[in-house]
Amino acid sequence: MTDPSDPWARQGQQPPQPPQPYQPQPGQAGPQYVGPPPQGPPQGPPPGADPSEPSEPSGSKFGRLVRDPMSIALVFVIVLALAAAGLVGGEIYARQRGATIVEGTLKCVLQDDVTVSFGAFPPFLWQHVTKDYQHVSITSAGNQIRDMKGMKVQIEIDGARPSSDPSSQGTLESLDVTATWSTDGMKETIQNAIPLLGGLVNGVTTNAADGTVDIQGPLGSIVTKPQIVDDELSLQVQKLTGLGFTLPREAVQPALDAVSSQLTKNSPLALKVDDVQVTDTGVVTKLSARNASIPGGNQGQPCITGF
């Protein structure tokens, strides 16, 4: 047991003392307060920018596009290019579709293959909107025009306008036809069309100097002159020889008229012959119609139904 009177024992029982503040010794510097780390200058607007304008969000591409004239011009050019491409595509399709319809109609009427083209101006889309078709060109293959073998036609149409009249599909302001009939085609046509006499025909020649057509056979020949009679083409007999003597023209004139009248016979339009010319290779006939009415299919013309 510890003696309370022992000074050494009282020293070990003393309570702990609180820490004393740091007291620097003479000649020794104490710790210094450094403070917060230095910071750079405040960030300002970029050079050339107006500090009064509000800053633009980094993702606002539309704002930058609006303030860029070059971008606006580029967008405008792209829009125009797309619109032009659409119009060109529509124009090509409309022309092809129109050509298909006209080709189908004329193939049925002429009984020969045809090609159709439209003039460059006005645009076909505009013609379709205004229902006024101009500068239509049709060319046949030259095999035949119905029963007339070896004939080729070139057709020019202007002012084709549809009609609401059930008895007429429309009108043609002008229709011009150039028909070229070759000598070989004339020979084949006559052989097929004229009984008995046609089988004896072995050649056809033309004389451009005097405008005559010579139909030749083993027993004789027929000299004809293409002329216009009652607005139709007619091969008028000038001289008929057979078995060494001259025969009356009335013997073959009706048969030749039946052949030449096929050019305008049963035509869906009121065509009339304007001019006939004899060349070294055949006969060229020019026909026309003005303000012609296009009959409906219920008028005995099924080929042009829906034209």
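Where does Asp231 lie? In this predicted model, Asp231 belongs to the loop that runs between strand β9 (220–229) and strand β10 (232–242). Is Asp231 buried or exposed? Its relative accessibility is 43%, so Asp231 is classed as partly exposed, given that buried means under 20% and exposed over 50%. Beyond its neighbours within four places in sequence, Asp231 makes contact with Leu271, Lys272 and Val273. One of these pairs shows how the fold brings separate parts of the chain together: Asp231 and Val273 are 42 residues apart in sequence, yet their C-alpha atoms are 5.1 Å apart in space.

Attention may now turn to the interior. The largest nonpolar core comprises 52 residues, and those that touch the most other members are Ile138, Ile155 and Leu175. The element that gives the most to this core is helix α3 (residues 69–110), with 6 residues. Leu175 may serve as an example of the surroundings of a core residue. When neighbours within four places in sequence are set aside, the contacts of Leu175 are Ile155, Glu156, Ile157, Leu269, Leu271, Leu287, Ser288, Ala289 and Arg290. Leu271 is thus named among the contacts of Leu175 and also among those of Asp231.

Helix α7 (residues 253–260) offers a further case. Its buried residues are Gln253, Leu256, Val259 and Ser260. Viewed down the axis of α7, these buried residues fall within an arc of 120°, and therefore they line one face of the helix. In general, an α-helix has 3.6 residues a turn, so residues three or four places apart point the same way. The buried residues of α7 pack against β4 (148–149), β6 (168–182), α5 (183–193), β8 (212–217), β9 and β10.

Definitions and conventions. Residues numbered from 1 in each chain as written. Predicted model: local features only at pLDDT ≥ 70, side-chain atom pairs only at ≥ 80, totals over all residues. Heavy atoms only, no water. Core = buried A, V, L, I, M, F, W, Y, C linked by side-chain atoms within 4.5 Å. Buried < 20%, exposed > 50% of the residue type's maximum accessible area, 1.4 Å probe, protein only. Helix = DSSP H or I, 4+ residues; strand = E, 2+ residues; numbered from the N terminus. Contact = heavy atoms within 4.5 Å. Arc of directions from axis to C-beta.
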